[in-house]
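Me: Please take a close look at a single part of this structure, the largest cavity. Then set it beside some of the other elements.

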Amino acid sequence: MRWGRFALECLQMESIERDPKRSLTDAEKSELLEACRFQCQGGSCADRDLRNKRFEFHHVKPHSLGGLTTRYQHLVLCVECHAKIHGRRHVDLEQEFGPVWGDLRDWQRQALQRLQERDHKRVFVLEAAPGAGKSMFAACAARYSIDHHPEINHVVCIAPWVPILSSMRRTFGRLRLDLKDKFHYDRKMGRFQRLPMQDVTLDTYAGFCNQTSIDVIKQWQDEFGFKFMLILDELHHTSRASGKWGPYSEKIAELATKVVAMSGTYFRSDNTAISFLKYVNDRPERDFHINYSDCVSERYVRQVAFRYHDPIIEMLNVESRGITKRKLSRFAASSQKMMTAAKKEVLDPNGQHVEHLIKEAWMELQAMRSKWPDAACLVVCRPGGGRDEHRAIHAIEAKIRTLTGVSPEVVVSDDAASRGRLEAFTNGAEPFLCAIRMVSEGVDIPRIRMVLFLTFTDSEMLFRQIVGRCVRYIPGKEDDTAAMVIMPKFPLMSDFANRFESEAKIGALKLEPEPSQVSGDGEAPQVCGKCGMLPCSCFVVLDSQLNAGGGVIASELVDEEYVERAKIIRDSCGHHQHANVVQLADALQRSEAMKVAGIRHDSEDAKRLALKNIDRKVAILARYKYKGDYETAWRREIHERHGVSKAEISGTWRLEKINSLIENLKTQIMESL
């Protein structure tokens, strides 16, 4: 094992009062560059010009030995000269990793090069969007550090959940790293606890972040000169202000020679500072980052399309006897009691809304499975309370079985068999996976192409991590079809979705949540002061209506596609800012059907939109008339009734004939409702 090369290193460093400032400021770096006139200060440098080369700043007296962090204690060196001073050569990463290098994504290569350039930094902070491939970067970083840093004997990699480690185990194994599960302490061995003979230890925060781990590491460092690299995955789970993971992980990191911190979401719903991070203007400093919009443009992850269910809910205020009737999306965030009643109604496992959402998900999933036979949907269920913790998830399981005829896989955190079920599901072809939070982050199941939210969350971090389960890209098996998220249109979750979707559509950077949108996850619910109940029973849902399609005007249905167009017009054109989007959408829909000026009879774009309109109408008919069976609906309503196939409509029908068919389908829909 590699440990054999280093086991004899038993030198101990004296405790020295260190300069709290580890790195130079940008101003000091600029002064140094100007002072040396952009020339390498290495004594034997062949090419001193730094203008077209990478360069680094070298502590004359190491910081660990008490060297001050001032510009007078630094030299500006090219990478090769800096490597010579530290007794190591500059590594050609492409040659080092061989065939693996060609399989890496561009961002992973760039991040490894950045890690090499910043070898002098003790903490390296990486931010990469969910699904980008942080596990492979971690494995490469571990391999590079063990092979080319004699001072590092071992790598400890910790993550929040066991399923994440299962995925990492496969990735680390691909780079031929010898692995050890769990950093356990053998009490029988006491102070003679054995050193790890493997290259890497994988463990969870819960198993590793404790005083025993700290004591064992200190013992090894004192007796054997043990030095290790620490990799922290999903760092947002650690906080300086709450929980024990943050404080313990910081203490362990102080003992590490090198720390690599990784996350896809460097913010917390409780708005507290994350461990290890330095903040500038309330934003964390990162050594390398790639956001979701960049990942979409590079085809590292799938784009996501959101489909909403926005029912009309009628409520009675028991105290005032007043009746309120509005769409779910119109409930103000401040009306917490009304929102509680609405959530209870919409998320009732035996209610019509959950049934509607499951039917819609099944219809869309069947269409996906016609292209990808193993495509799957992650159904995120709401947690219960106390003895009823899993009541909702099992009710959802039964509802899916009744409506679709297939049995979903169910995984819950306190079931020992769930880990095995998750592994089997990853390699299987079952259509549905039901979970509460066990599949919220780090779990790599690329065949999940849809997420169905049957729960509510006020945490944008958790929302993004869950959505990230359906964005995994499968090289060679994608056609740029967007993954789909189906969800009730709760206002706060809708805001999260809009931000997520805008990043993929327009390449915008992640927007910071408004203070009013941040909710403390740790706050305990309060008993209502009026009715004395928890949850509050002041509001009773009298009725709720499914709001199918994009909207309704009189007896006419307005397609979702035109409603989305109308929203764009309203938001981008100032003189339409007060327009009713459904009315505007109806006008767009009618104008296209009437072939207004600018749209030719055989316009390919107009014809394409009309064909999509037919698909929507058949899908609605399938939902209400054929139990969600799209193929049966198409055969009976189009093929048998009109004696024509989809290819014939697309290839030979003129636009006016297609629009006539659309009007006929509308009539069929109205008769079916």
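Reply: The largest cavity has a volume of about 110 Å³. The model is predicted. A search of the whole structure finds 3 cavities of 30 Å³ or more.

Start with the lining. Pro163, Ser166, Ser167 and Arg170 belong to it, and so do Arg419, Leu422, Glu423 and Thr426. Val443, Asp444 and Ile445 complete the list. Two helices each supply at least two of the lining residues: H7, residues 162-174, and H15, residues 418-426. By character, the lining of the largest cavity divides into 4 nonpolar, 3 polar and 4 charged residues.

Next, the sheet. It is open and built from 6 strands, in the order S12-S19-S18-S15-S17-S16. The pairing is parallel. Strand S12 (304-309) and strand S16 (409-411) stand at the edges. Each has a single partner strand, so one side of each lacks a neighbour in the sheet. On average, neighbouring strands of this sheet are turned by 20° against each other, direction ignored.

Look at one edge. S16 pairs with strand S17, residues 432-435, in the parallel sense over 3 bridges. Glutamate 409 has leucine 433 of S17 as its bridge partner.

Last, a helix. H13 spans residues 352-371, 20 residues in total. From first C-alpha to last, H13 reaches 30 Å, close to the 28 Å expected at 1.5 Å a residue. Its buried residues include His353, Val354, His356, Leu357 and Ile358. Further along H13, Glu360, Ala361, Trp362, Met363, Glu364, Leu365 and Met368 are buried too.

Definitions and conventions
Residues numbered from 1 in each chain as written. Predicted model: local features only at pLDDT ≥ 70, side-chain atom pairs only at ≥ 80, totals over all residues. Heavy atoms only, no water. 1 Å grid on protein atoms, 1.4 Å probe; cavity = no way out; pocket = protein on both sides within 12 Å on 5 of 7 lines; lining within 4 Å. Points joined across faces, edges and corners; volume = space filled by probe spheres on them. Helix = DSSP H or I, 4+ residues; strand = E, 2+ residues; numbered from the N terminus. Nonpolar A, V, L, I, M, F, W, Y, C, P; charged D, E, K, R; others polar. Expected span 1.5 Å × (residues − 1). Buried < 20%, exposed > 50% of the residue type's maximum accessible area, 1.4 Å probe, protein only. Pairing = 2+ DSSP bridges. Axes fitted to C-alpha atoms, helices over the stretch in contact; angles between N-to-C directions.
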